Every structure is written in structure tokens, then in C-alpha cells.
Amino acid sequence: MNTPLLETRDLHVWFDLERGGRAHALRGLDLTLAAGEGLGLVGESGCGKTTAILAMMGLLPPSATVSGEVRIAGQDILAGGEAGMRPHRWTDIAMVFQGAMNAFSPVATIGEQIAEPMRLHRVAEGKAAIRRARELLELVGIHPDRADRYPHQFSGGMRQRAAIAMALACRPKVLLADEPTTALDVIVQAQVLDLLDRLRRELDLAVVLVTHDLPVVSYVCGRAAVMYAGRVVESGPVDALTSTPSHPYTGALFAAAPDIDQTGTGASIAGAPPRLDEEWCGCSFAPRCGRADARCRTETPLPVTVATGRITECHLIGEGR
Ligand code: SF4
């Protein structure tokens, strides 16, 4: 088997809390992703999705402790600490942050701001950096002459496209996108997702798309990993997860989330996820799961392969309940 382009192995994150103690926010993340592949990380707020991709970028705050590996083309980029991570950040692995479209400085042109990371990472200098910024704008569907405009002269959708262009400035192989369509209207949301899908295919990018809305993932990703309480509880092809979710949380998430086509009930799942600063017994979803039994409350379910490329952590698998 070829070496995956992106791989995380037993990735954990703990955050020191101001009141004392620690929150175990990410609890053993194992992901693999090939070039040109899209993977959706899906789940409710606080399930560990954003923590996971910030850990992959080495951008967690000092209060965080990280263990495990993040490999790009087989090389563990976390192994050398910040100094070891720096040559890889933005050039091998880049990120579109949540709210990135509102993060442009109002006093510099969009072209200058896209050129800035190229200069910082010595990918291009001077006029060559501006020339590449114009090419990148064209790549994301914006006329290159708009490089001379300021952020307030762009619509929200155009600013989000420009934020994606900026993330691609140093030709990364892996693109992480954190809720890239939040705050956009439905039509612009679909356009941005189509753009990410086109870039994935044309640039052979490995794309990790973080969203709370599972159906949105199918625009860009062939596979999805559903996260709950810091762990992936189900993963597999998006079509299979959509049509026959095998974990009760996946089913509940689907039923609850209003998707891009405005189907789904929009209702939230009753109850709340467990506190991450406490340990628990048994399945993390048991207090909210309509199918929980005594075993679920005492025994932690282990990952089970239910079909090729499809893994679920639930005692229901194989029990015929
Ligand atoms: Fe529900 Fe039990 Fe499966 Fe957990 S292990 S999701 S509580 S049925």
C-alpha cells in the first residue's frame, strides 16, 4: 500500500483549565488521507473537530498538550516541536480558518495580503508574489484585476474565495477547512463547496473539511469521520453513512441537522455531550442514546470494521439489537 499523504496516529490533546485540571479534548485520532481525497470531520460543537485540525497545524494555544503523530508523506511533522513544524506549516499543510473571510486587514489590498505568506515563506518575492496572487484569484474564480481592491470591495462569498486562495499561496498538499461556509447564504455556500471540490480534483489536494452538517460533506468528500466527545465513533464512505448509519449518534446527527438543501428536521439531539474534564464509564453517548443498555453504561465500545473502509464504535454491532 502507498504511504498516505496525511496520517494521524493516536493523536491526543489535553487543555489545562484555569480553574485547575485538564480537559481531554481529543482522545486518540487515527486518520489517513490520500492525495486528491476529501474527508469530512463531522459532529456537534465541542466534539474535537477544530481541536484536531489545529493540532495537525501545530497551532494550539500554550495551554494544550499534544501527543501522537501527524505524518505528511510519512514524515511526522510534530516530532520536532515548533521548530520542526514551521517548515511544513502553509507549505505542506494549510488551513482556511473559521471566519477567515472576515480576517483580512481593511488597509491592504487583497492581492498584497495573498502575496504576504509567499514572501514570508520565500515561495515568491516582489512582483512574482503579486503575479501569483493574481493567478490564485483566477483559480478561485475571481478576476485577477481585483487583486488591487480592498476587502470591503468584496462580497462575503468573494472574501471566502480569497481566503481559500491565500491558504493555497504556498502550494500545500493538504488543505484543512474549518466550517468554510458558515455565515454564507445557501447559494454562495454551494458555490464555495463546489470550488473546494474542484480544487481538490485539479490540484490533487487532500482536503479535510470540518463541519457540523454531515450532508454538506458530500459536496467535497468521499469519506467522513463522525466525532463525539473527542473520538471518531463512525467513519466510512459518505454515501454509506448517509443511507445506513450504523452508530446511533450518526443517525441522530443526520436527522437533526438542516443541510444545504434544507432537509432534515433542524432539531437538536436531546441531552449534552459528556464533560471532557471528567472520565466516564462505558460509551460516551450512552446518556443520550435511546438504544443504550446496561453494557453500554459499563463497557467502552471498541472500533469494529463493519464493511470495507467502514468502522463503528458501538456495542450494537454484531449484537443484533
Ligand atoms: Fe448507544 Fe450503546 Fe451504541 Fe453507545 S454503545 S451508541 S450507548 S447502543
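**Close-up views of the pockets, the cavity and the ligand site**

The space taken by the ligand is the largest cavity. The legends below walk through this predicted model, one view at a time.

**View 1. The ligand and the residues around it.** Reading along the chain, the ligand's neighbours begin with His247, Pro248, Cys283, Phe285 and Ala286. They continue with Cys289, Arg291, Ala292 and Cys296, and end with Cys314, His315 and Leu316. By class, this shell holds nine nonpolar, two polar and one charged residues.

**View 2. The largest cavity.** Here we stay at the ligand's place, since the ligand takes up the space of this cavity. How many cavities of 30 Å³ or more are there? The count comes to one. The largest cavity offers about 80 Å³ of space. Its lining is made of 14 residues, and those closest to the centre are Pro248, Cys283, Cys289, Cys296 and Cys314. Sorted by class, the lining has ten nonpolar, two polar and two charged residues.

**View 3. Thr312 and its partner Ser246.** Look for Thr312 in strand E12. Is Thr312 buried or exposed? Thr312 is buried, because its relative accessible area is 0%, and buried means under 20%. The side chain of Thr312 makes a polar contact of 2.7 Å with the side chain of Ser246.

**View 4. The largest pocket, lined mainly by strands to look out for.** About 420 Å³ of space lies in this pocket. Its lining counts 22 residues, with Asp30, Leu31, Val232, Ser235 and Ile311 closest to the centre. Two or more lining residues come from each of strands E1 (6-16), E2 (22-33), E9 (223-228), E10 (231-237) and E12 (310-312). Which element gives the most to this lining? That is E10, with six residues. By class, the lining of the largest pocket divides into eight nonpolar, seven polar and seven charged residues.

**View 5. The second largest pocket.** This pocket holds about 340 Å³ of space. Of the 16 residues that line it, Trp90, Met95, Phe97, Pro117 and Met166 lie nearest the centre. Strand E6 (93-96), helix H3 (110-120) and helix H5 (156-167) are the elements that give two or more residues to the lining. What is the make-up of this lining by class? It has 14 nonpolar residues, together with one polar and one charged.

Notes:
Residues are numbered from 1 along each chain as its sequence is written. This is a predicted model: local features need pLDDT of at least 70, side-chain atom pairs count only at pLDDT 80 or more; totals for chains, interfaces and linings use all residues. Side-chain values use heavy atoms; hydrogens and water are left out. On a 1 Å grid over the protein atoms alone, a cavity is a set of points where a 1.4 Å probe fits but cannot get out, and a pocket is an open set with protein on both sides within 12 Å along at least five of seven lines; lining residues have an atom within 4 Å of a point. Grid points are joined across faces, edges and corners, and a volume is the space filled by probe spheres set on the points. Helices (H or I, at least four residues) and strands (E, at least two) are DSSP runs, numbered from the N terminus. Ala, Val, Leu, Ile, Met, Phe, Trp, Tyr, Cys and Pro count as nonpolar, Asp, Glu, Lys and Arg as charged, and the others, Gly among them, as polar. A residue is near a molecule or strand if one of its heavy atoms lies within 4 Å of it. A molecule sits in a cavity or pocket if more than half of its atoms lie within 2 Å of its grid points. Buried means under 20% relative accessible area, exposed over 50%, partly exposed in between (1.4 Å probe, protein chains only). A polar contact is a pair of N or O atoms within 3.5 Å; within protein, one must be able to donate a hydrogen and the other to accept it, and residues adjacent in sequence count only if both atoms are side-chain atoms.
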